[in-house]
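Welcome! Here is a friendly first tour for anyone meeting this structure for the first time.

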Amino acid sequence: MLRLVSLTKTYKTGDRALSEVSFEVPAGQVVGLIGPSGAGKSTLIRCVNRLVEPTGGQIFLGDTEITGLARGELRVLRRRIGMIFQEYALVERLTVMENVLSGRLGYVPFWRSFMRRFPEADVATAFALLERVGLSDHADKRADALSGGQRQRVGIARALEQNPELLLVDEPTASLDPKTSRQIMRLIKEICEERNLAAIINIHDVVLAQGFTDRIIGLRAGRVVFDGAPSRLDDSVLTEIYGEEDWAQMRRAEQEDEEDARAEMRRREMMAEAR
Ligand SMILES: Nc1ncnc2c1ncn2[C@@H]1O[C@H](COP(=O)(O)OP(=O)(O)OP(=O)(O)O)[C@@H](O)[C@H]1O
């Protein structure tokens, strides 16, 4: 479905962000991309739809070689790839519905989108998607009136509105609390299963990646150092990906997160009892 062959990226500054990265993602598979800061995760995701130009290797989506496309062809290709962002990238002043419909912008003629006139079928799809992500009561609300978790649900619905074959997901939970993060990851995983949709998720949080993906690819300094089932991610693999020091630090941060979540729960219980 998606195939990377010796993908390499060297930035103009001389930074080699990716070295000879090769792997295939079949339809329906959710891949968690993990690795320390600077490992090349964002670069890899951005190379797939050529927001970043690869300097070597090939990328195929189905039979289409993405790396060989001219500008105009690339616009058409990008309709086949949905993106979900860390900061949601919603238009704050527009309604939830309008934000979801903006997922069709690659398809609808400019004048119609300018007049905010979308075909009825697109509107019906958008309603169904809002229902699926649990936001059907919020269709007419402005995006800036939503919580972080709700915004990300809009971001997911918008990506699906273009009926993509592949989802590229960049740090979807970085701005969310632990519980909402799990809900969002679960939603992405379930939707990929329902639609037989492939996804690559750039994700910092190893525990989340393990809980909600089918496969983990670990990058270190631009190279794939692990590619396998989430259950195979033991301490020695994590040390190989993150190095001794980083991994220990990450585990401490995780423990602190859990302690914070427990303290918050206790606080809420005490408040509920006081009422
Ligand atoms: N626009 C750029 N110009 C030059 N070098 C860049 C650029 N973007 C990224 N890099 C370099 O490429 C390497 C990989 O960066 P990238 O952002 O892909 O890593 P990452 O794994 O996503 O990191 P993080 O988890 O911190 O987002 C780093 O050494 C980074 O400094």
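What follows is a short briefing, moving from the whole chain to its parts. Please keep in mind that this is a predicted model. The chain holds 9 helices and 10 strands, and 12 of its residues' names will come up again around the ligand, starting with Y11 and ending with T43.**The chain as a whole**

- A compact globule of 275 residues would have a radius of gyration near 19 Å, and the chain has 20 Å, so the two agree.
- Measured out along its principal axes, the C-alpha trace spans about 65 × 55 × 35 Å.
- Buried residues account for 35% of the 275 residues.
- Of the contacts with a separation of 6 or more, 69% join residues that are 24 or more positions apart.

**Around the ligand**

- The residues surrounding the ligand are Y11, T13, D15, A17, G35, S37, G38, A39, G40, K41, S42 and T43.
- Sorted by class, this shell has 3 nonpolar, 7 polar and 2 charged residues.
- Helix α1, residues 41-48, gives the largest share of the shell, with 3 residues.

**Helix α1 and the residue after it**

- Helix α1 is largely enclosed by the rest of the structure, because 6 of its 8 residues are buried.
- Those buried residues are K41, T43, L44, I45, C47 and V48.
- Two of these names, K41 and T43, also appear in the list of residues that surround the ligand.
- After α1 comes R50, with a positive phi near 60 degrees.
- R50 sits in the loop between α1 and β4 (56-61), and it is a residue other than glycine.
- R50 counts as partly exposed because 17 other C-beta atoms lie within 10 Å.

**Helix α5, seen from both sides**

- At 1.5 Å a residue, the 13 residues of α5 should span 18 Å, and the end C-alpha atoms are indeed 18 Å apart, which agrees.
- The buried residues of α5 are T125, A126, L129 and L130. They cover an arc of only 135 degrees around the axis, so they lie on the same side of α5.
- This pattern fits a general rule: an α-helix has 3.6 residues a turn, so residues three or four places apart point the same way.
- The cover over these buried residues includes α3 (96-101) and α6.
- On the face turned away from the buried side, α5 carries the exposed residues E120, A121 and A124.
- R132 also belongs to helix α5, and it counts as partly exposed because it has 17 C-beta neighbours inside 10 Å.
- From R132 to R153 there are 21 residues in sequence, and the C-alpha atoms are 9.5 Å apart in space.
- G134 follows α5 and has a positive phi, near 80 degrees.

**A strand residue to look at**

- E20 lies in strand β2, residues 16-25.
- The phi of E20 is positive, near 50 degrees, in a residue other than glycine.
- With 14 other C-beta atoms within 10 Å, E20 is partly exposed.

**Two pairs, each 84 residues apart**

- How far apart in space are A145 and L61, which are 84 residues apart in sequence? Their C-alpha atoms are 37 Å apart.
- A145 has its place in the loop between α5 (120-132) and α6 (148-161).
- Is A145 buried or exposed? It is exposed, because only 12 other C-beta atoms lie within 10 Å, and a residue with 12 or fewer counts as exposed.
- E87 and E171 are also 84 residues apart along the chain, and 8.7 Å separates their C-alpha atoms.
- E87 lies in the loop between β6 (81-84) and α3.
- With 13 C-beta neighbours inside 10 Å, E87 counts as partly exposed.

Key:
Residues numbered from 1 in each chain as written. Predicted model: local features only at pLDDT ≥ 70, side-chain atom pairs only at ≥ 80, totals over all residues. Near = placed C-beta within 6 Å. Helix = DSSP H or I, 4+ residues; strand = E, 2+ residues; numbered from the N terminus. Nonpolar A, V, L, I, M, F, W, Y, C, P; charged D, E, K, R; others polar. Buried ≥ 20, exposed ≤ 12 C-beta atoms within 10 Å, placed from the backbone. Expected span 1.5 Å × (residues − 1). Arc of directions from axis to C-beta. Contact = placed C-beta atoms within 7 Å. Rg over C-alpha atoms; globule rule 2.2 N^0.38 Å.
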